[in-house]
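The exercises below each give a task and then a solution that goes step by step. Please keep the sequence and the model in view while working through them.

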Amino acid sequence: MAEGTPCTMALVSADSRIAELLTELHQLIKQTQEERSRSEHNLVNIQKTHERMQTENKISPYYRTKLRGLYTTAKADAEAECNILRKALDKIAEIKSLLEERRIAAKIAGLYNDSEPPRKTMRRGVLMTLLQQSAMTLPLWIGKPGDKPPPLCGAIPASGDYVAKPGDKVAARVKAVDGDEQWILAEVVSYSHATNKYEVDDIDEEGKERHTLSRRRIIPLPQWKANPETDPEALFQKEQLVLALYPQTTCFYRALIHTPPQRPQDDYSVLFEDTSYADGYSPPLNVAQRYVVACKEPKKK
């Protein structure tokens with residue numbers, strides 16, 4: 001490809017912006033540490049004041065006033081640190097978005113680096129590792145007090161008019177070679193507003209085949225993990241019917257939620273429908289939030 005083409009310039013521009021953002025992120029991390037060190041003195045004072053109160057076994061007006069002032073300062077310090085951390089999270093999200101845009105641009109241009117070989121040469125083990133990394137690095141939704149989790153956070157579906165972007169991962173219902181239909185993990189290539197259809201690549205077909213599918217055959221994957229400790233309503237609940245990516249495959253199958261995540265880093269425990277077992281379900285298997293979506297088909301009796 002000739003030097004100076006729009007694609008090359010876009011890649012260079014993305015690299016430059018990413019470098020800027022990394023510098024800004026580094027500064028924010030330093031600010032966080034400085035803020036934490038500054039507030040440490042106040043927290044020590046709170047602890048010492050409580051110890052003196054316990055020694056004297058009384059709460060005098062002096063200690064009450066002093067503690068009120070210390071706690072007010074501690075609250076302000078915590079809010080300041082929280083604001084810096086939110087800015088840092090925004091920078092990280094922007095960096096990830098630019099990296100994804102860069103990957104798509106490189107894919108279109110036929111450019112690949114050593115860390116991401118062309119799909120036609122990607123070994124299955126490498127693909128499985130990349131899928132695990134994608135699940136692990138899915139950002140956790142951290143809203144402000146009173147905020148409700150947005151669409152595509154955990155179990156919350158996309159809005160009715162949502163259109164997945166190129167590069168987004170989705171569950172796609174396609175016809176298999178034997179004629180049966182199955183849900184596969186796919187990557188969006190494009191969407192036509194004229195036909196209301198997506199073009200998607202099967203993540204596991206080594207780029208050989210592209211599917212053109214209607215909107216109803218596409219389910220966007222979550223873009224944030226839901227925090228069970230703050231937003232349990234944004235998670236699928238026990239015995240809820242879902243589509244889940246079967247471990248070490250790129251296909252989604254019907255399953256029941258056995259146990260929802262208890263902590264932000266936890267996976268779902270699911271029971272896949274499997275007629276080879278007496279009760280019709282597999283033993284519990286772990287599946288990351290990234291790869292669990294709602295199943296609109298009725299539960300089998």
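A salt bridge is counted here when a side-chain nitrogen of Lys or Arg lies within 4 Å of a carboxyl oxygen of Asp or Glu. The model is a predicted one.

**Exercise 1. Decide whether Glu-24 and Arg-17 form a salt bridge, and describe the setting of the two residues.**

Step 1. The N to O distance between the side chains of Glu-24 and Arg-17 is 3.8 Å, and because the cut-off is 4 Å, the pair qualifies as a salt bridge.

Step 2. Glu-24 has 30% relative accessibility and therefore counts as partly exposed, and Arg-17, at 26%, is likewise partly exposed.

Step 3. Both residues fall within residues 11-49, a stretch that the unreviewed UniProt entry annotates as "coiled-coil region". In the model this stretch is 100% helix and 0% strand, with its end C-alpha atoms 57 Å apart.

**Exercise 2. Find out which parts of the chain are linked by the salt bridges of Arg-102 and of Arg-217.**

Step 1. The side chains of Arg-102 and Asp-15 meet in a salt bridge with an N to O distance of 2.6 Å. This pair links distant parts of the chain, since Arg-102 belongs to helix H2 and Asp-15 to helix H1 (residues 6-56), 87 residues apart.

Step 2. Arg-102 is partly exposed, because its relative accessible area is 24%, and Asp-15, with 36%, is partly exposed as well.

Step 3. Arg-217 forms a salt bridge with Glu-181, whose closest N and O atoms are 2.7 Å apart. Here the loop between S4 and S5, which holds Arg-217, is linked to strand S2 (residues 181-192), which holds Glu-181, across 36 residues of sequence.

Step 4. Arg-217 has a relative accessible area of 18%, so it is buried, whereas Glu-181, with 31%, is partly exposed.

Step 5. Salt bridges that share partners also join Arg-17, Glu-20, Glu-24, Lys-91 and Glu-94 into one network, and the count for the protein comes to 18 salt bridges.

**Exercise 3. Is Asn-227 buried or exposed, and which residues does Asn-227 contact?**

Step 1. Asn-227 sits in the loop between strand S5 (218-220) and strand S6 (241-245).

Step 2. Its relative accessibility is 10%, and because buried means under 20%, Asn-227 is buried.

Step 3. Once neighbours within four places in sequence are set aside, the contacts of Asn-227 are Leu-140, Pro-232 and Pro-264.

**Exercise 4. Describe the surroundings of Arg-210 and the surface around Ile-92.**

Step 1. Arg-210 lies in strand S4 (residues 210-214) and is partly exposed because its relative accessible area is 45%.

Step 2. Between Arg-210 and Val-200, ten residues apart in sequence, the C-alpha to C-alpha distance is 5.8 Å. Apart from neighbours within four places in sequence, Arg-210 is in contact with Val-189, Glu-199, Val-200 and Asp-201.

Step 3. Ile-92, which is found in helix H2 (residues 61-109), has 37% relative accessibility and so counts as partly exposed. Together with Leu-89 and Ile-142, Ile-92 makes a nonpolar surface patch of about 240 Å².

**Exercise 5. How many helices and strands does the protein have, and in what order do they run?**

Step 1. The protein has three helices and ten strands, and from the N terminus on the order is α-α-α-β-β-β-β-β-β-β-β-β-β.

Step 2. Of the 301 residues, 37% are buried.

Definitions and conventions
Residues are numbered from 1 along each chain as its sequence is written. This is a predicted model: local features need pLDDT of at least 70, side-chain atom pairs count only at pLDDT 80 or more; totals for chains, interfaces and linings use all residues. Side-chain values use heavy atoms; hydrogens and water are left out. Patches are made of residues with over 30% relative accessible area and no salt bridge: like charges are joined within 9 Å, nonpolar side chains (Val, Leu, Ile, Met, Phe, Trp, Tyr) within 5 Å. Accessible areas come from the Shrake-Rupley method with a 1.4 Å probe; for residues, only the protein chains shown count as cover. Helices (H or I, at least four residues) and strands (E, at least two) are DSSP runs, numbered from the N terminus. Buried means under 20% relative accessible area, exposed over 50%, partly exposed in between (1.4 Å probe, protein chains only). UniProt positions are given in the numbering used here, feature names are shortened, and annotations may be inferred rather than shown by experiment. Contact means heavy atoms within 4.5 Å.
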